[in-house]
Amino acid sequence: MRLRIGLTGGIASGKSTVAELLRARGALVIDADALAREVVETGTPGLAAVGTRFGPGVLRPDGSLDRPGLGKLVFADPQARRDLEAIIHPAVRARAAEIEATAPADAVVVHMIPLLVETGQQNAFDVVVVVDVDADVQLERVRDRDHLTTAEARARIDAQAPRASRLAAADVVIDNSASLAELQRAVDDFWTARVAQ
Ligand code: ATP
């Protein structure tokens, strides 16, 4: 039987790293962030809808999406953000379902969705896995990876759902506060307990 896993976690928590470990175990990983880019590629109905809503100003001369420009626009305008999400999110879900439909019936399918909790998808999966990280370690990892000041890193973290609401949505919590070796062990334990049955 198919097992559908929703994988989420805060910024720089280690979602991609966990997804990679699950992929190595044989899971099909569907990355919502990658799909969110795909559905507004040049020539897609998604990009046409964005152009209709936001005007030609969000397109580059070659017809592709001016991502930073659109980003600034929706950052400053909550209604614009909701409108953009109303275009992108359904398209991402449709594409994810399409990809999942190509998997064998007994596949382990991992949907990696950074905004799983924010978009209310906590009940859409057999298992919701939250990658969790100690707050100080997370701050350090965001700062180092994205070359930010501590204040900038904190602002990025604060823009997401609070850690507690992600944890409340979790069926399984994978802690990634320590080394990569320990993370690997935690993923192995999860696989043994919840997947390989
Ligand atoms: P985002 O959603 O913000 O792109 P993510 O949740 O997918 O991030 P990763 O990209 O897996 O997180 O990891 C974030 C950063 O932290 C990376 O630079 C990664 O190399 C590093 N990292 C992840 N796990 C560990 C660990 N256990 N020890 C040290 N560094 C780690």
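Modeller: A residue is called buried under 20% relative accessible area, exposed over 50%, and partly exposed in between. The model here is a predicted one.

Biologist: Why does R25 count as partly exposed?

Modeller: R25 has a relative accessibility of 38%. Partly exposed covers what lies between under 20% and over 50%, so R25 gets that label.

Biologist: What makes the pair R25 and D188 a salt bridge?

Modeller: The closest N and O atoms of R25 and D188 are 3.0 Å apart. The cut-off is a side-chain nitrogen of Lys or Arg within 4 Å of a carboxyl oxygen of Asp or Glu, so the pair qualifies. R25 sits in the loop between α1 (15-24) and β2 (28-31), while D188 belongs to helix α9 (residues 180-195), so the bridge ties together parts 163 residues apart in sequence. D188 has a relative accessible area of 23%, which is also partly exposed.

Biologist: How many salt bridges does the structure hold?

Modeller: The structure holds twelve. Among them is the bridge between R95 and E38, with closest N and O atoms 2.5 Å apart. R95 is in helix α5 (residues 78-101) and E38 in helix α2 (residues 32-38), so this pair links distant parts of the chain, 57 residues apart.

Biologist: What are the accessibility values of R95 and E38?

Modeller: R95 is at 26% and E38 at 27%. Each value falls between the two cut-offs of 20% and 50%, so R95 and E38 count as partly exposed.

Biologist: How do you know that D83 and R53 form a salt bridge?

Modeller: The N to O distance between their side chains is 2.6 Å, and the limit is 4 Å. D83 is in helix α5 and R53 in helix α3 (residues 45-54), 30 residues apart. D83 is partly exposed at 21%, and R53 is partly exposed at 36%.

Biologist: Which residues are linked in a network of salt bridges?

Modeller: R2, R4 and E100 are linked in such a network.

Biologist: Which residues are closest to the ligand?

Modeller: The ligand is surrounded by 14 residues, and K15, S16, T17, N176 and A178 are the closest.

Biologist: What makes the approach of K15 to the ligand a polar contact?

Modeller: An N or O atom in the side chain of K15 is 2.8 Å from an oxygen atom of the ligand. The cut-off is 3.5 Å between N or O atoms, so this pair is a polar contact. The side chain of S16 has an N or O atom 2.6 Å from a ligand oxygen. For A178 it is a backbone N or O atom, 2.8 Å from a nitrogen atom of the ligand. The protein buries 70% of the 640 Å² that the ligand exposes when taken alone.

Biologist: Which element gives the most residues to the shell around the ligand?

Modeller: α1 gives the most, with three residues. α1 and α6 (135-146) each supply at least two. By class, the shell has four nonpolar, seven polar and three charged residues.

Biologist: Why is G43 called exposed?

Modeller: G43 has a relative accessibility of 75%, and exposed means over 50%, so the label fits. G43 lies in the loop between α2 and α3. The C-alpha atoms of G43 and G63 are 8.3 Å apart, with their positions 20 residues apart along the chain.

Biologist: Which members of the largest nonpolar core touch the most other members?

Modeller: V50, F54, L65, L70 and L84 do, in a core of 30 residues. α2, α3, α4 (67-75), α5 and β4 (127-132) each supply at least two of its residues. The largest share, seven residues, comes from α5. Nonpolar side chains tend to be buried together in soluble globular proteins.

Biologist: What is notable about the phi angle of A12?

Modeller: A12 has a positive phi of about 55°, although it is not a glycine. Most residues other than glycine have a negative phi. A12 is in the loop between β1 (3-9) and α1.

Biologist: Is A12 buried or exposed?

Modeller: A12 has a relative accessible area of 15%. The limit for buried is under 20%, so A12 is buried.

Biologist: Where does H147 lie, and what is its phi?

Modeller: H147 lies in the loop between α6 and α7 (150-158). H147 is not a glycine, yet its phi is positive, about 50°. At 72% relative accessible area, H147 passes the 50% cut-off, so H147 is exposed.

Conventions
Residues numbered from 1 in each chain as written. Predicted model: local features only at pLDDT ≥ 70, side-chain atom pairs only at ≥ 80, totals over all residues. Heavy atoms only, no water. Helix = DSSP H or I, 4+ residues; strand = E, 2+ residues; numbered from the N terminus. Buried < 20%, exposed > 50% of the residue type's maximum accessible area, 1.4 Å probe, protein only. Near = heavy atom within 4 Å. Polar contact = N/O pair within 3.5 Å; in protein donor to acceptor, adjacent residues only side chain to side chain. Areas by Shrake-Rupley, 256 points an atom, 1.4 Å probe, with all protein chains shown as cover. Nonpolar A, V, L, I, M, F, W, Y, C, P; charged D, E, K, R; others polar. Core = buried A, V, L, I, M, F, W, Y, C linked by side-chain atoms within 4.5 Å.
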